[in-house]
Structures are given as C-alpha cells and as structure tokens.
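Hi everyone, thanks for coming. Let me put the structure up and we'll walk through a few of its helices.

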Amino acid sequence: MDQASLAERCVDAINAISGSHPGNRAAHAKGTLCAGTFTPSPDAAALSRAAHLQGDPVRVTVRLSNGSGDPGAPDGERRDGRGMAIKLYLPDGTTTDIVAITIPVFFVRDPQEFLGFTLARKPDPETGEIDMEKIGAFISEHPATGAALQLIVPSLVPPRSYATCAFNSLHAFRLENAAGEGRFVRYRIEPEAGEEAMPDEELEDASPDYLQDEMRERLEREPVRFTLLARLAEEGDSLDDPTAAWPEERDAVELGRLELTSLDTTRETGDDVLVFDPTRVTDGIECSDDPILHIRSHAYSVSVERRSGAQRPA
C-alpha cells in the first residue's frame, strides 16, 4: 500500500473514533491560535545554521489544542494529550514548523501499527462501547505499544492551563551547524509558569472550554513564555522509533524562548488554511527516518482536502 492510500485509511480510522466533523481537523480539532515571537539563545547557532536560530527574533503563529478529533469534546477530557504547533516565519519568506504534544512518546512504531491500533479502539456503532479485548490483543502482539502506554497514560492529566504544559516533539531531527557538524535531537518545550495539572475538585466544575477561555484571559493580562530545548541523542538512543523513550538524564541545549503575546486573528480567516507539518524543515534541520514522522505529511494532506477542499498550503 502506498503512503497516500495508507494515510487516507489512517484518517478514516481516526474519524471512526471521533466522528467526521466537516471543516475541522481530523485530530486536534479544537484549539486556540496565538501570535508571538521566537528569540534564539546564544547557544542555538552552534547546534544548527537554521535561519531562526541565528540571533534575531522571528514571528510565530502557535496553535494550542486538544488531541481529540471532536471539536465539541470538553477541555477536561482525561484521556487526551494536548498539543503545541509552532509556525516560524523566516526572513526569506518561507516557514518551518515544530509540532509537539504533552505525551512523552508515541504509542506505535509505524503507520501500519497506527492503523491497527486505531481500528482496535473503534467504538461499537450500536452501543458506543470500546472492545477492550481487541485493544488487549493488539497490545499483547505489540509489546512496544504496551511499554509506551505505561509512560503515556500517567501524562494524560488535564492541565491547569496550556501555559502550564510541557510538550515533546516525539520524533528525532538532525541539526547541522555552519561547520557541517550534525547532532540528532528531540525537542522539548517547557513552560515558564511551571507545569501544573487541574485539581480534580476544580475540574468537576470547569467549563467545557476552560483551556480556551483561560488562555484568552491570560494573554489579556501578560505574555505566555516557553523555553525550546533540544535534547541531545547519545549512542544507542533510538532515532526512528517514536515509542522509545530517551533517558531523562540526556543533555539539553536551550534553543530559545517562545513568547506568546495575543490571540492570532490573522490566520484561518476566510479561505486561509493553516497547516503545521513537522516535516516542513529548513536548511540546518533534517528529518530522521521515523516512519510515523513521514506519514504525517500525507495524513495532513488528506485532512486538509477534506476540511477545506484545498491542497496542502504553507
């Protein structure tokens, strides 16, 4: 099966879980767009010659979202990862993207496993119940998924705010500096406000849109800041398997500070279609051979065409 056909089947499987919602993304359907800047750190250029890491601030559009494909799902969903997608506008008029999520690793190693696991989670069309035996059978046949879920499940805690979430890129990228020296990294994005979950007693009375409302109100008071880190791979760390965690003690280089200053009302208005694609890299950054990373671009194209009728734009 070619990548385009496999991607279409994967999007169909996502829709079978969350429902088909015209005009919305297949996943991460509900979110908030923010405007801001990214300012690189003094150490960033030593790791990569990428234009946004050379010293001058660049403009960004950031989308903070919930993982569900249902735009009506409540923000306090307890089985949902939260996402951060960053579009950086480079001096030459091009863009590059970073996509991250609050879970520490992904739950499958390749697109075929993604399709199988997603189909196993499909609710019964009559009862709406999920067949746990199907999920258990998949996990027993795919021990990497079982190990990944041991790390993922504890992270699926509703946050106090998007501003109190830490996000992970899940995939590895090779950064290369001006001297041609390269190093594989995984991105991590840490909140200046610190990580904080929403207490259960407050979550019970929280609005279904509390994360969206809180972010709007927070930005009216003050900027929201995050630190972008590059966690450095060492020998033996998996570069192509997103289910495999890297040891926590891995060194990290601070790449810069992300500062969100307001809601972004310029994108996704009228016929504008905004896509965040982690394979949209720039000179000085290369994708790893991770098969999940590479199917994403095809899946986004399917999702974009279905929600807008447009080809995948920048």
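I'll start with one helix and then turn to two helix pairs.

Quick housekeeping: this is a predicted model, where local features need pLDDT of at least 70, side-chain atom pairs count only at pLDDT 80 or more, and totals for chains, interfaces and linings use all residues. Residues are numbered from 1 along each chain as its sequence is written, and side-chain values use heavy atoms, with hydrogens and water left out.

So, helix α1, residues 3–18; helices here are DSSP runs of H or I, at least four residues, numbered from the N terminus. At its start, a side-chain oxygen of Asp2 comes within 3.3 Å of the backbone nitrogen of Ala4. Which residues of α1 are buried, meaning under 20% relative accessible area with a 1.4 Å probe, protein chains only? They're Leu6, Ala7, Cys10, Val11, Ala13, Ile14, Asn15 and Ser18. Those buried residues pack against α3 and α8 (291–308), with contact meaning heavy atoms within 4.5 Å. Just after α1, Gly19 has a positive phi of about 90°.

Now α3 (residues 111–120) and α4 (residues 132–141): they pack at about 155°, axes 8 Å apart. Axes are lines fitted to C-alpha atoms over the stretch in contact, with angles from 0 to 180 degrees between N-to-C directions. That makes the two roughly antiparallel, a label for angles over 145 degrees. Glu113, Gly116, Phe117 and Ala120 in α3 meet Lys134, Ile135, Phe138 and Ile139 in α4.

Finally, α4 and α5 (residues 143–152) have axes within 5 Å, crossing at roughly 110°. That makes α4 roughly perpendicular to α5, which covers 65 to 115 degrees.

Methods
Angles under 35 degrees count as roughly parallel, over 145 as roughly antiparallel, 65 to 115 as roughly perpendicular and the rest as oblique. The expected span of a helix is 1.5 Å times one less than its number of residues. Buried means under 20% relative accessible area, exposed over 50%, partly exposed in between (1.4 Å probe, protein chains only). A polar contact is a pair of N or O atoms within 3.5 Å; within protein, one must be able to donate a hydrogen and the other to accept it, and residues adjacent in sequence count only if both atoms are side-chain atoms.
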